[in-house]
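Hi,

Here's the structure I promised to pass on. Have it open while you read, and my notes on what turned up follow right below.

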Amino acid sequence: MSGYRGQTWMDPFEDTLRRLRESFRTGRTRPAEFREAQLRGLGRFLEENKQLLLEALAQDLHKGAFESEVSEFSISQGEINLALRNLQAWMKDEKVAKNLATQLDSAFIHKEPFGVVLIIAPWNYPVNLILVPLVGALAAGNCVVLKPSEISQNTGKVLVDMLPRYLDQSCFAVALGGPEETGKLLEHKFDYIFFTGSPRVGRIVMTAAAKHLTPVTLELGGKNPCYVDDDCDPQTVANRVAFFRYFNCGQTCVAPDYVLCSPEMQERLVPALQSAITRFYGEDPRSSPDLGRIISDKHFQRLQGLLGCGHVAIGGQSDGSDRYIAPTVLVDVQETEPVMQEEIFGPILPIVNVRSLDEAIDFINRREKPLALYAFSNSHQVVEQVLHQTSSGGFCGNDGFMHLTLASLPFGGVGASGMGSYHGKFSFDTFSHHRACLLRCPGMEKVYAIRYPPYSLRNLRVLLAAMETRSCTLL
């Protein structure tokens, strides 16, 4: 798409956005049948291009078939299937309780699409994190502009080349380019923006959206704490923490970012982590087909710099030619070191010592609210205490990010880790305007005249009693 016409710079997105807006105004996307057809097309795209996507994921992230199936394909297809099964029910007007003054009226919430929405996706799960929000946007009846990450370029190419063939192109488009092009795209007015990525870029997106008063969902990240109680079985904890920390080579926004435990638990946990890493990835993790690679040289260099923090207890090896960083555990880490100041987003796990549960909770609460928080303990009371005395986007006791596998739970952050949520019906709701509606018959004017001037104390009392909030029958 050329940006020049003669000697005049032309906006490369203007014609596309005009086409989508005109299509939305015709009402084309509103019928359930149209939405279902788009969702079925999305399912066919996944089914018919699975091998292409597998190869692209392997090229971009060295992601194996197991991790791709678990974290990319099955979740995306599950969301499509769920939306197709429930779309009619989700679209249905939702009756609400009424007071005495509205008993003869029809009161309901009507779910309507926002219009033309923008979905900006990241590189770490380049299929899942673009298709799952897309399911919600299509199910809700929107026209969609997709912006895949330019960093996961091989997967992005499959999406750009193949996905439009399966969707109605009068209502759907893919935007190409890096930060400069994304900046140009954000200058346009959208009716909703859904962004997944870093807090730094999230601020840029929110600033751009504010110029048009465009609502946003920001799926950001943060440093996800993992508290390990002294009464835990260290090997069980090590198995679970290592699996979730090193899955996708640690490039997961909800991965445990650091461990909080006592020095005594650390002495037992470190050898257990070594045992788990060896069992998972062998004596030479670099040769394991199950361990991914860092996405880019820039991210590799950033992570390599973090290896100098604290003391390397496990791993620490790296090779820039292969963007390989071994599964690593750091001990003797200080709160002020760089590895504790930014989201790691790689296969590095710092352990920070605390003397008590209260100190761990205080450590967590002094920092920004994370996207996820984990607590391991044989005591239900300890897990409950961490749950109720902290705040995070999601929480899991005695495991890693399994809460993400439930479409019945909302996924999203709080505070610096994001705003808004999605997955399952929450995705449909995110991309729908919930319109408050009340329908009244044109008659009964004598009854309703009690509202009009000249006012009287008697009429005021009657009106206030009629307007009192009650749990009246839904009609």
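Strands β17 (residues 372-376) and β18 run parallel and are joined by 4 bridges. Within that pairing, Tyr 374 stands opposite Cys 396 of β18. Keep in mind that this is a predicted model.

Both strands belong to an open sheet of 7 strands with mixed pairing, and going across it you meet β12-β15-β16-β11-β10-β17-β18 in that order. The edges are β12 (311-314) and β18 (394-397), each of which pairs on one side only. On average, neighbouring strands in this sheet are turned by 25 degrees against each other, if you ignore direction.

Now for the helices on the sheet. Helix α9 (residues 234-246) lies across β10 (225-228), β11 (258-261), β15 (328-331), β16 (348-353) and β17, and runs at about 135 degrees to β16. Helix α12 (residues 357-365) lies across β10, β11, β16 and β17, at about 150 degrees to β11.

Next, have a look at the nonpolar cores. The largest one has 87 residues, and Leu 134 and Leu 163 are the two that touch the most other members. Helix α5 (residues 128-139) supplies the largest share of this core, 9 residues. Which residues does Leu 163 touch, leaving out those up to four places away in sequence? They are Leu 42, Phe 45, Leu 131, Leu 134, Leu 146, Val 158 and Phe 172. Apart from this core there is another one, of 28 residues, including Tyr 258, Ile 325, Met 340 and Phe 363.

Have fun clicking around!

Cheers

Terms used: Residues numbered from 1 in each chain as written. Predicted model: local features only at pLDDT ≥ 70, side-chain atom pairs only at ≥ 80, totals over all residues. Heavy atoms only, no water. Core = buried A, V, L, I, M, F, W, Y, C linked by side-chain atoms within 4.5 Å. Buried < 20%, exposed > 50% of the residue type's maximum accessible area, 1.4 Å probe, protein only. Helix = DSSP H or I, 4+ residues; strand = E, 2+ residues; numbered from the N terminus. Contact = heavy atoms within 4.5 Å. Pairing = 2+ DSSP bridges. Axes fitted to C-alpha atoms, helices over the stretch in contact; angles between N-to-C directions.
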